[in-house]
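User: I have a structure here and would like a close look at a single part of it. Could you take me through one stretch and show how it fits into the rest?

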Amino acid sequence: MKKPVHVSIESFADGQRIRQNAAGDLYRKGDHYYVRYDEADPEMKGTVTTIKLEQDRIRLVRSGTVRSELVFATGRECSGSYETPQGVLQLQTMTRSITSELIDGLGIVDWTYDLLVAGEKTGEFRLRLTIAELPAASS
């Protein structure tokens, strides 16, 4: 069953913090939670992001105008991709940590990782995903 949620994503890199907010849906399939939302950034208009939250792994998939897939698993290098009109970039993530404080899919997931493009490290990143229940509409 889908539950409407507020999604906040904070990205930390090179001393900068970027925060995005969106309305989305939370749902559960088996042992995993999924969060799906429309990207708010004008450059990503028409893109839907789905985040699959597993016990020890996170999968982030974007489809639409922007198409990409990244996988995060602590201590493992995982392959990913980012499609551009010029072609597909091969990406790798090396996740250093994942901390999850979720209750029924609501709460905070925080992870740090290195991003590699064509085998070259491009930076160190930290993401914080906050999933909160939307307040009930008053009548």
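**Around Leu-70 and its strand neighbours**

Analyst: Let's start with one pair: Leu-60 has Leu-70 as its bridge partner in β6. Keep in mind that this is a predicted model.

The strands around that pair come next. β6 covers residues 67–73 and runs antiparallel to β5, with six bridges joining the two. To get from β5 to β6, the chain makes a hairpin through two residues. On the β4 side, things look like this: strand β4 (residues 47–53) and strand β5 (residues 57–64) are antiparallel too, and seven bridges hold that pairing. Here the hairpin between β4 and β5 goes through three residues. If you want a spot to find on screen, look for Lys-52, which sits opposite Arg-59 in β5.

Now back to Leu-70, since it leads us on to another strand. Leu-70 is one of the residues in contact with Leu-91, and Leu-91 belongs to strand β8, which spans residues 87–103. Is Leu-91 buried or exposed? Its relative accessibility is 8%, so Leu-91 counts as buried; the cut-off for that is under 20%. Apart from neighbours within four places in sequence, the residues in contact with Leu-91 also include Cys-78, Ser-79, Gly-80, Ser-81 and Tyr-82, as well as Leu-115, Leu-116 and Val-117. Ala-40 is another matter: between the C-alpha atoms of Leu-91 and Ala-40 there are 23 Å in space, with their positions 51 residues apart in sequence.

Gln-92 is also in β8. With a relative accessibility of 16%, Gln-92 counts as buried because that value is under 20%. A polar atom of the Gln-92 side chain lies 3.5 Å from the backbone nitrogen of Gly-119. Gly-119 also turns up among the residues that Gln-92 touches, a list that includes Glu-77, Cys-78, Asp-114, Leu-115, Leu-116 and Ala-118, leaving out residues up to four places away in sequence. Compare the two lists and you'll find Cys-78, Leu-115 and Leu-116 in contact with Leu-91 and touched by Gln-92 as well.

What about the strand that pairs with β8? Strand β7 takes in residues 77–84 and pairs with β8 in the antiparallel sense, over eight bridges. One of the pairs to look up there is Thr-84 with its bridge partner in β8, Gly-87.

Now zoom out. Those strands belong to a barrel that 10 strands close, in the order β1-β2-β3-β4-β5-β6-β7-β8-β9-β10, with antiparallel pairing. On average, neighbouring strands of this sheet are turned by 25° against each other, ignoring direction. As a general point, strands of a sheet pair through backbone hydrogen bonds, either parallel or antiparallel.

For the chain as a whole, the count is zero helices and 10 strands. Its radius of gyration is 15 Å, close to the 14 Å from the globule rule for 139 residues, so the chain is as compact as a globular protein of that length. Along the principal axes, its C-alpha atoms fill a box of roughly 55 × 35 × 30 Å. Buried residues account for 39% of the 139 residues. Among contacts with a separation of 6 or more, 27% are between residues 24 or more positions apart. As for the outside, the accessible surface is about 8,500 Å², and carbon and sulfur atoms contribute 49% of that.

Definitions and conventions:
Residues numbered from 1 in each chain as written. Predicted model: local features only at pLDDT ≥ 70, side-chain atom pairs only at ≥ 80, totals over all residues. Heavy atoms only, no water. Pairing = 2+ DSSP bridges. Helix = DSSP H or I, 4+ residues; strand = E, 2+ residues; numbered from the N terminus. Buried < 20%, exposed > 50% of the residue type's maximum accessible area, 1.4 Å probe, protein only. Contact = heavy atoms within 4.5 Å. Polar contact = N/O pair within 3.5 Å; in protein donor to acceptor, adjacent residues only side chain to side chain. Rg over C-alpha atoms; globule rule 2.2 N^0.38 Å. Areas by Shrake-Rupley, 256 points an atom, 1.4 Å probe, with all protein chains shown as cover. Axes fitted to C-alpha atoms, helices over the stretch in contact; angles between N-to-C directions.
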